[in-house]
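Biologist: I have a new structure open and would like to learn how to read its features. Could you take me through a few of them?

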Amino acid sequence: MCRVAGQGRIDMKNLQLIPASSPDPTADQTAPSDFISIRNVTKRFGSVTALEDVSLDIAEGEFFTLLGPSGCGKTTLLRLLAGFEYPSTGEISLSDFDLTRMPPNKRPVNTVFQSYALFPHLDVLTNVAFGLERLGEGRKAAKQRALEMLDMVQLTGFEYRLANELSGGQQQRVALARALAPRPRILLLDEPLSALDLKLRRGMQSELKRLQRATGITFVLVTHDQEEALSMSDRIAVMSDGKLLQVGAPLDIYDAPRNRFVAEFVGEANVLPGRMLGLASPYGAIRPERVIVRQGGAGSCPGRVLSVVFVGSVAEVEIQLNTGQEVKARLVDGWQSLNAGEVVQVEFPHQHARTLEDR
Amino acid sequence: MALAEPFTAKDKVAASAKRRNLIPFLGLPAVAVIVCFMVGPMLIALSFSFLTAGVYGGVDLPFTIEAYRQFLFERNLDDSLSFDNSYLVIYGRTILLAGLTVVISIVIGLPTAWYMATRTPKVRERLVLLVTIPFWTSLLVRTYCWVLILRDQGLANGLLREIGLITEPLPLLYSYGSILFGLVYSFLPFMILPIYAALEKVDFRLIEAAYDLYASRAAIFLKVVLPLAKPGVIAGSMLVFAPSVGSFLAPDLLGGGKKLMIGSLIQMQFTTSRNWSFGAACAMLLMAVVLTVLVFAVRQSKKERHA
Amino acid sequence: MKHRPFSWRTMPAFTAVSWVVMVFFYAPLIILVIYGFNANDLATQWGGFSTKWFVKAAQNDDLVRSATNSLIVATSATLGATCLAIPAAIAFERGGRFFGRTPGEGVLSLPLMAPDIVTAISTLMFFSFVGIRLGLGNVILAHTVFCIPFAVLPIRARLREMPADIEDAARDLYSGPWEVFRLVTLPALMPGIVAGALMAFVISLDDFIITLMVAEAGSTTLPVYLYGMLRQGVTPEANAAAAILLVVSVTCVVLAHAFAKRKSKT
């Protein structure tokens with residue numbers, strides 16, 4: 001057992017957190033909201049600031065996603081959680097345990113790497129059993145557990161292959177099994193699906209979700225793919241330029257983006273001056289599927305159709321308003337009769353317009 | 001490891017800071033060994049070149065520049081000095097032969113490297129192995145092969161006699177030609193491999209597209225092939241020149257030791273002549289030649305990178 | 001008239017030059033091996049196939065002793081150089097930027113740049129000046145030094161192309177620094193280490209001039225002994241001995257290449 005700054009112990013065999021204050025480990029421990037707690041964390045590499053004053057709480061058992069474009073600091077935050085880097089300032093804790101400068105091998109946290117990082121000299125089974133054996137599990141028990149894990153990711157029969165003999169999707173599953181085998185409290189996933197092709201990615205998305213529900217382990221996923229984030233996560237944190245912009249459930253993020261970056265990065269948005277949308281704020285946003293387009297007649301917002309593109313379930317219509325702004329609308333019906341150059345009336349239903357805090 | 005050792009915040013900070021800074025120290029043993037047993041010895045050689053030669057080898061005090069004086073001047077019976085260019089001639093001849101070796105290596109090595117770099121990856125790998133094998137094979141054995149071929153009763157003369165071109169054996173061995181031949185044979189891989197490395201990174205389709213219609217082959221060679229190969233040519237020239245100018249085996253076995261070259265001159269000072277300080281001085285002058293060329297080559301490649 | 005488009009693949013002159021070069025490289029070596037099997041007492045006159053000169057070489061005590069010395073020296077120097085090369089490769093490949101990096105790299109590549117004859121006489125004078133007289137030990141020491149950079153190169157190359165993140169993955173999976181090295185870095189590095197060791201072995205085995213200057217009477221190696229033989233004249237026995245040395249070197253290089261190739265697959 002390892003005592004952490006007098007606050008409690010981490011059982012390094014079963015990766016259980018045992019708070020000192022609670023004599024009964026089964027008793028209700030801490031409020032779920034501060035399972036993982038990141039407090040005012042800043043990370044600098046030389047003169048570059050990768051993360052600036054980030055504060056964030058992640059609940060136990062949550063599927064949490066860090067979403068943002070490349071270079072936004074999401075991977076840095078993940079590496080701080082894993083322990084590969086330590087924060088320049090600020091603190092990270094897990095329940096009551098101070099993780100800030102705890103080395104990665106002492107954290108009940110495992111990572112699925114973007115490159116998978118399978119050990120090239122070990123077969124699949126030994127790869128999966130690696131963490132368990134390091135935790136002191138007997139060879140036999142570790143192997144048994146590894147076999148179970150391989151079964152869970154549907155790789156039974158591949159036990160004695162080497163990593164380079166597997167396809168990308170299979171390597172991905174091995175990496176997942178290897179990280180889940182020690183039953184970590186937190187699983188970190190660094191763009192785990194980015195190297196897979198589209199079809200495989202869809203399949204792995206639902207598989208990841210299934211695994212997370214089955215194990216109840218807290219998942220923290222890093223991705224730049226908003227669709228992936230929206231479809232899998234319980235909550236999403238949108239990041240840009242080393243800063244946390246908005247944290248919330250997928251629907252909240254999509255439906256009530258706080259600022260222009262979030263509005264445009266998560267889904268598509270028309271960002272317009274507030275008064276055009278009937279808002280008091282200087283800027284507002286409305287989703288293209290909420291925009292109403294009428295042919296002919298009079299209205300407050302006339303414009304000219306620039307293009308009509310049929311993309312499958314809907315058509316995307318680009319319109320230049322007489323006031324100069326370009327607006328995108330996504331129409332299920334009524335686009336067939338629209339032609340480029342045609343004069344139309346655009347309406348922005350007030351109940352779907354959203355106030356943006358800043359531009 | 002059911003029980004992890006207790007650790008405090010202070011420990012953790014120290015451990016992480018240390019791990020980062022300790023890695024460079026891993027290089028210390030290797031660097032120390034080379035400093036002790038190669039840099040040190042070279043410094044000793046440098047200082048020995050300023051000492052007086054011992055009668056039976058070795059060196060004695062006092063410090064003197066006699067060894068370097070001996071390089072340029074002959075001491076007459078009456079202790080007066082007269083200019084003697086025989087050592088300068090040896091150096092000039094060796095440098096000239098090494099320079100010729102470089103030039104011939106470029107002329108042969110450039111097309112070869114170009115050919116290799118334009119093959120498919122699989123063929124490329126095999127060709128690199130084919131060039132690498134001689135690179136690692138005993139220089140003595142490789143030089144000796146040419147003795148077998150070039151000597152009077154050797155394969156070349158034998159064949160020529162067979163087909164009736166000659167009746168008396170041609171004196172192929174023991175000439176500047178045979179030394180040059182041996183040097184090129186010895187060090188050609190050092191030219192091919194760096195040029196290949198430089199050309200390997202080039203996307204040849206771009207050249208093909210750009211010069212599709214309007215350039216003659218000569219123009220392509222001068223304006224495309226040469227500039228692309230230049231960094232490799234510079235590195236290769238250095239790698240061929242340094243061992244050529246200090247070579248011992250090719251002049252000794254193929255030159256018969258009659259055309260004295262720097263390598264043999266230095267070696268003689270430690271065997272038959274037993275003049276260590278002069279030998280050390282000759283070695284230092286050789287080192288100076290190599291370093292001068294090295295500095296020149298580095299400067300050229302830097303200029304290349306900025307251009 | 002339409003210009004024929006330039007094809008970089010079919011430069012006929014370049015192709016011809018390349019194959020002439022390959023023949024130029026290998027023909028003499030093949031000829032040597034053939035001469036090694038020559039039954040004739042005259043070294044360069046063919047008298048039928050025979051292995052008698054190999055047998056005779058094997059019965060030559062001096063030759064066998066020098067060959068044994070060669071093996072002892074090459075094995076010891078390889079061990080020493082490889083043990084020094086592994087941490088050095090890690091330091092320069094993983095150490096980031098640190099004080100003394102550039103001079104360190106310079107020192108490490110010195111044995112590659114310095115002409116052998118200069119190294120040879122410097123080492124000779126050093127041993128005499130310091131008074132080290134260990135017999136074969138002197139030769140081993142000298143060989144270890146110049147083998148280091150040759151062992152370092154493949155290990156560094158391997159470190160550079162080792163799958164990214166596997167050391168982080170090991171740390172993540174509850175391995176301390178020593179376990180990371182023992183269980184992941186070292187085994188994953190193994191192909192590079194073997195290739196480096198084989199390179200060092202060949203370089204030591206083939207060295208001539210440094211051994212010639214440094215070795216005392218009882219501690220000559222095969223190339224030095226062979227050189228002595230050649231100075232006496234071209235003999236079939238010398239051909240056989242040279243052929244053996246040649247075959248051993250080529251085998252080592254091909255093996256090293258096979259290991260280096262294995263590394264690029266992982």
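Below, we talk through a sheet, a salt bridge and an interface.

Modeller: Happy to! Keep in mind that this is a predicted model.

Biologist: Let's begin with the sheet in chain A. In what order do the four strands come?

Modeller: Strands of a sheet pair through backbone hydrogen bonds, either parallel or antiparallel. In chain A, the order is β5-β4-β7-β8, in an open sheet with antiparallel pairing.

Biologist: Which strands of chain A stand at the edges?

Modeller: Those are β5 (48–58) and β8 (97–98) of chain A; each has a single partner strand, so one side of each has no neighbour in the sheet.

Biologist: How many bridges join β4(A) to β5(A)?

Modeller: Seven, and the two strands run antiparallel. To see the register, find A:Lys43, which stands opposite A:Leu51 in β5(A). The hairpin of these strands has two residues between them, and A:Gly46 takes a positive phi near 60 degrees there.

Biologist: And what about β4 and β7 of chain A?

Modeller: Strand β4 (residues 36–45) of chain A is joined to β7 (residues 89–94) of chain A by five bridges, again antiparallel. As an example, A:Ser37 has A:Ser93 in β7(A) as its bridge partner.

Biologist: Which strands of chain A does helix α1 lie across?

Modeller: Helix α1 (residues 74–82) of chain A lies across β4, β5 and β7 of chain A, and runs at about 115 degrees to β4(A).

Biologist: Now salt bridges. How many does a search of the whole structure find?

Modeller: The search finds 32 over all chains. One of them pairs A:Arg39 with A:Asp57, with the closest N and O atoms 2.9 Å apart. This pair links distant parts of the chain: A:Arg39 is in strand β4 of chain A and A:Asp57 in strand β5 of chain A, 18 residues apart.

Biologist: How should I read the interface of chains B and C?

Modeller: Start with its extent: 88 residues of chain B contact 87 residues of chain C. The buried area is about 8,200 Å², and carbon and sulfur atoms give 80% of it.

Biologist: Which residues form the salt bridge between chain B and chain C?

Modeller: The count there is one. B:Asp252 pairs with C:Arg231, the closest N and O atoms being 3.8 Å apart. Six residue pairs are in polar contact across this interface.

Biologist: Which helix gives the most to chain B's side?

Modeller: Helix α2 (residues 28–48) of chain B does, with 15 residues. The residues of chain B that touch chain C divide into 66 nonpolar, 12 polar and 10 charged.

Methods: Residues are numbered from 1 along each chain as its sequence is written. Chains are lettered from A and ligands numbered from 1 in the order in which they are written. This is a predicted model: local features need pLDDT of at least 70, side-chain atom pairs count only at pLDDT 80 or more; totals for chains, interfaces and linings use all residues. Side-chain values use heavy atoms; hydrogens and water are left out. Contact means heavy atoms within 4.5 Å. Buried area is the accessible area (1.4 Å probe) that two parts lose on being put together, summed over both. A salt bridge is a side-chain nitrogen of Lys or Arg within 4 Å of a carboxyl oxygen of Asp or Glu. A polar contact is a pair of N or O atoms within 3.5 Å; within protein, one must be able to donate a hydrogen and the other to accept it, and residues adjacent in sequence count only if both atoms are side-chain atoms. Ala, Val, Leu, Ile, Met, Phe, Trp, Tyr, Cys and Pro count as nonpolar, Asp, Glu, Lys and Arg as charged, and the others, Gly among them, as polar. Two strands pair if DSSP finds at least two bridges between them. Axes are lines fitted to C-alpha atoms, for helices over the stretch in contact, and angles run from 0 to 180 degrees between N-to-C directions.
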